[in-house]
Amino acid sequence: MMDSEAHEKRPPILTSSKQDISPHITNVGQMKHYLCGCCAAFNNIVITFPIQKVLFRQQLYGIKTRDAVLQLRRDGFRNLYRGILPPLMQKTTTLALMFGLYEDLSYLLRKHVSTPEFATCSMAAVLAGTTEAIFTPLERVQTLLQDHKHHDKFTNTYQAFKALKCHGIREYYRGLVPILLRNGSSNALFFGLRGPVKEYLPTATSHSAHLVNDFICGGLLGAMLGFLFFPVNVVKTRMQSQIGGEFQSFPRVFKKIWVERDRKLTNLFRGAHLNYHRSLISWGIINATYEFLLKVI
């Protein structure tokens, strides 16, 4: 009789246990996307930062690759990784949000909104990109630290943040409009095209083949989007290199740069070839690292 009663009580206990554990497992699964995005960004920044610095000089001053490299050589090896902390902080955070929020928002939108899959994913990607813009101050400080015209004003991230403080909170968000334009659109295209691009690649039959396919897929998309939004980044860099003074609109700054560069599209895209190769490597590393970590964590 006691054995029969104990047997009858077991199912409720087991069910309760499942209810307690299930949310925990779900939360761990959701957090995995944030962690993988963060690690992928760290890996990428450490490898590609010197290339990014050459590109930055070209965007800001419209100079050739050789001249930008010579500038860095004159600055010395000590200054080569100067300014790496802001992009390291910014990219690890924003890419964690990019991948994590995209997955979370896609899930929520599918659950509560009846729209086609493409529209749902695009909306999730744009919202994730918009949220990333909260960390504009880190991108702003990175711009100042990489500009050699400001080398004598501050030598580290803390000093750069402090220099902006007296101008008010708005100064930290100078260049927000081009960042919003870039983040939302590029996220929608990246997540929307990632699946279709990978389908066109040869079928992977091993772990190394999957890694190569993920690198190619991420690299191709990153290179394409980097080239497409290059003029937006040129305007963003010019806006963020200024400290204090008037807040000029995106069209006004773009027009000023257009005139400075003799109204030639080739001059506006100066440095785009290096950006293409950097993005190819960067987003290849990011996508391959992210997908690899998803499988092993």
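This note goes through the aromatic pairs, the arginines over a ring and the largest pocket of a predicted model.

1. Aromatic pairs. The count of aromatic pairs in this model comes to 11. One of them joins phenylalanine 99 and phenylalanine 190, whose ring centres lie 6.5 Å apart with planes at 80 degrees, so this pair is classed as edge-to-face, the angle being over 60 degrees. Because phenylalanine 99 belongs to helix α3 (residues 85-112) and phenylalanine 190 to helix α8 (residues 176-200), the pair ties together parts that are 91 residues apart in sequence.

2. Surroundings of that pair. Phenylalanine 99 and phenylalanine 190 are both buried, and ring pairs link these two residues with Tyr102, Phe191, Trp283 and Tyr290 into a cluster.

3. Charges over a ring. The face of phenylalanine 247 has arginine 170 over it, at 4.1 Å from the ring centre, and arginine 174 also lies over the face of phenylalanine 247, at 3.9 Å from the ring centre.

4. The largest pocket. This pocket has a volume of about 280 Å³, and of the 16 residues that line it, Arg174, Met239, Phe247, Gln248 and Val253 are the closest to its centre. Arg174 and Phe247, which appear in this group, are also the arginine and the ring of one of the contacts in the preceding point.

5. Make-up of the lining. Helices α8, α10 (230-240) and α11 (250-260) each supply at least two residues of the lining of the largest pocket. By residue class, the lining divides into eight nonpolar, four polar and four charged residues. Helix α8 thus appears twice in this note, as the helix that holds phenylalanine 190 and as a contributor to the lining of the largest pocket.

Methods: Residues are numbered from 1 along each chain as its sequence is written. This is a predicted model: local features need pLDDT of at least 70, side-chain atom pairs count only at pLDDT 80 or more; totals for chains, interfaces and linings use all residues. Side-chain values use heavy atoms; hydrogens and water are left out. Rings of Phe, Tyr and Trp (its six-membered ring) pair if their centres lie within 6.5 Å; planes under 30 degrees apart count as stacked, over 60 as edge-to-face and the rest as tilted. Helices (H or I, at least four residues) and strands (E, at least two) are DSSP runs, numbered from the N terminus. Buried means under 20% relative accessible area, exposed over 50%, partly exposed in between (1.4 Å probe, protein chains only). A charge sits over a ring if NZ of Lys or CZ of Arg is within 6 Å of the ring centre and within 35 degrees of the ring normal. On a 1 Å grid over the protein atoms alone, a cavity is a set of points where a 1.4 Å probe fits but cannot get out, and a pocket is an open set with protein on both sides within 12 Å along at least five of seven lines; lining residues have an atom within 4 Å of a point. Grid points are joined across faces, edges and corners, and a volume is the space filled by probe spheres set on the points. Ala, Val, Leu, Ile, Met, Phe, Trp, Tyr, Cys and Pro count as nonpolar, Asp, Glu, Lys and Arg as charged, and the others, Gly among them, as polar.
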